[in-house]
Amino acid sequence: MKHLIDILDLSTQEIDELIAVANDIIAHPESYAHRCEGKKLATLFFEPSTRTRLSFEAAMYELGGHVIGFSDAANSSSAKGESVNDTLQMVGCYADIAAMRHFKEGAPLAAAVKSHIPLINAGDGGHYHPTQTLTDLLTIQREKGRFDHLTVGLCGDLKYGRTVHSLIAAMSRYEGVRFVMISPRELRVPSYVPEMLREKGLRYEETDDLDAAMPYLDILYMTRIQKERFSDEKEYLRLKDSYILTPDRLVNAKAELSILHPLPRVNEISVAVDDDPRACYFRQALNGKYIRMALILHLLEKAQEKGNSAAFAGDKDVVFDAAVCNNPRCISTIEQELPRAFRVRGGKRRCVYCECEA
Ligand code: CP
């Protein structure tokens, strides 16, 4: 079964095709209005969402399909202790495809292990958010017309900002892309991100100085400081106003800069920036519906094909043993029956669910 857990589950060719379909949907929505008649999407949201859940639901309705699901873990049987894997096996009895958001890292992968329907990761803790990345890629393609030879500034909470991790993974496949990762030292990207960039020989810098980086950027990807991921409220209060983008700070930016933000924002982009033609974030949110329409069509079509492997089964780098992941945000810390699995690469063992080094 083909799932979308990590953006790298899609080849660059598949991403190009999704973007082409999304652009065609934008141009000819009527041609897609009946494509999912008789199909159901389940939205399984264990964590709050506005854009992702509603754009998934709007996407399925605009394809002529139906939607079932829940938007609060307290209203599902997870509140009684059901595992994500059992939940998804049940949902497979009622729906043709599912999208899951969960507060634990690796939960969608854990849920997908035995799933008979395609599962889409709609955000797992501070780990990944691949459909936001598809949204970002469609936006970059529509705003810039290309993915290569761009200097991409990523600013804010790069430690817990799951959209950043997925976007870097996706953009690292294109030639001549340079990353400028702008954050307080405490909120730098997790170690697996620079490790991956070094392995690929890609150019990146880590800095805390947004103003110094600004004149060089083609894309500025702002992110919110993720209050809900901090265990120490004082630390959040100390860091929450680290970056606030105002019109003054854009004086030295390129005229063709594109400002993206996955949203929601708190105060990191002043509303005074919204009228700047370089502000793309509301167009970006709309693009999310079209790319999710393209993704639903793609995964339902793939579900007809035989021979796709389940989750990480057959991955020769994966070893199974009884060791416990030491990341408290990992799904394996609350679901005792999950197979313990680690990916061994470059002499390091990383938990398959959350990618933390073991
Ligand atoms: N960008 C995003 O994931 O927004 P929501 O949390 O509102 O879904």
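Which backbone nitrogen does the side chain of E14 reach? The legends below, which begin with that residue, describe close-up views of a predicted model.

**View 1. Surroundings of E14 in helix α1.** The side chain of E14 reaches the backbone nitrogen of S11, at 2.9 Å. A second interaction of this side chain is a polar contact of 3.3 Å with the side chain of K2. E14 has a relative accessibility of 10% and therefore counts as buried, the cut-off being under 20%. When neighbours within four places in sequence are left aside, the residues in contact with E14 are K2, D9, H298 and K302.

**View 2. The buried face of helix α1 (residues 12-27).** The buried residues of α1 are E14, I15, L18, I19, A22 and I25. Seen down the helix axis, these buried residues fall within an arc of 140°, so they line one face of α1. An α-helix has 3.6 residues a turn, so residues three or four places apart point the same way. Among the elements that cover the buried residues of α1 are α5 (130-144) and α10 (281-303). The length of α1 agrees with expectation: at 1.5 Å a residue, its 16 residues should span 22 Å, and its end C-alpha atoms are 23 Å apart.

**View 3. Helix α5, largely enclosed by the rest of the structure.** Twelve of the 15 residues of α5 are buried, which is why the helix is described as largely enclosed. The buried set consists of P130, T131, Q132, T133, L134, T135, D136, L137, L138, T139, I140 and K144. The end C-alpha atoms of α5 are 20 Å apart, in agreement with the 21 Å that 15 residues should span at 1.5 Å a residue. Just after the helix, G145 adopts a positive phi of about 80°.

**View 4. Residues around the ligand.** The ligand is surrounded by S49, T50, R51, T52, R101, H129, Q132, P262 and L263. Of these, Q132 is also one of the buried residues of α5. Two side chains approach oxygen atoms of the ligand: a polar side-chain atom of T52 lies 2.7 Å from a ligand oxygen, and an N or O atom in the side chain of R101 is 2.9 Å from a ligand oxygen. P262 takes part through its backbone, where an N or O atom lies 2.8 Å from a nitrogen atom of the ligand. The protein covers 92% of the 250 Å² of accessible area that the ligand has on its own.

**View 5. E57 in helix α2 (residues 51-62).** The relative accessible area of E57 is 14%, so the residue is buried under the 20% cut-off. The side chains of E57 and T43 form a polar contact of 2.8 Å. Beyond residues up to four places away in sequence, E57 touches L41, T43 and V67.

**View 6. N327 in the loop between β10 (318-320) and β11 (341-345).** At a relative accessibility of 3%, N327 counts as buried. A polar atom of its side chain lies 2.9 Å from the backbone nitrogen of R329. Not counting residues up to four places away in sequence, N327 touches E105, T333, C354 and C356. The C-alpha atoms of N327 and S83 are separated by 19 Å, while the two residues are 244 residues apart along the chain.

Note on methods:
Residues are numbered from 1 along each chain as its sequence is written. This is a predicted model: local features need pLDDT of at least 70, side-chain atom pairs count only at pLDDT 80 or more; totals for chains, interfaces and linings use all residues. Side-chain values use heavy atoms; hydrogens and water are left out. Helices (H or I, at least four residues) and strands (E, at least two) are DSSP runs, numbered from the N terminus. Buried means under 20% relative accessible area, exposed over 50%, partly exposed in between (1.4 Å probe, protein chains only). A polar contact is a pair of N or O atoms within 3.5 Å; within protein, one must be able to donate a hydrogen and the other to accept it, and residues adjacent in sequence count only if both atoms are side-chain atoms. Contact means heavy atoms within 4.5 Å. The expected span of a helix is 1.5 Å times one less than its number of residues. The arc is that of the directions from the helix axis to the C-beta atoms. A residue is near a molecule or strand if one of its heavy atoms lies within 4 Å of it. Accessible areas come from the Shrake-Rupley method with a 1.4 Å probe; for residues, only the protein chains shown count as cover.
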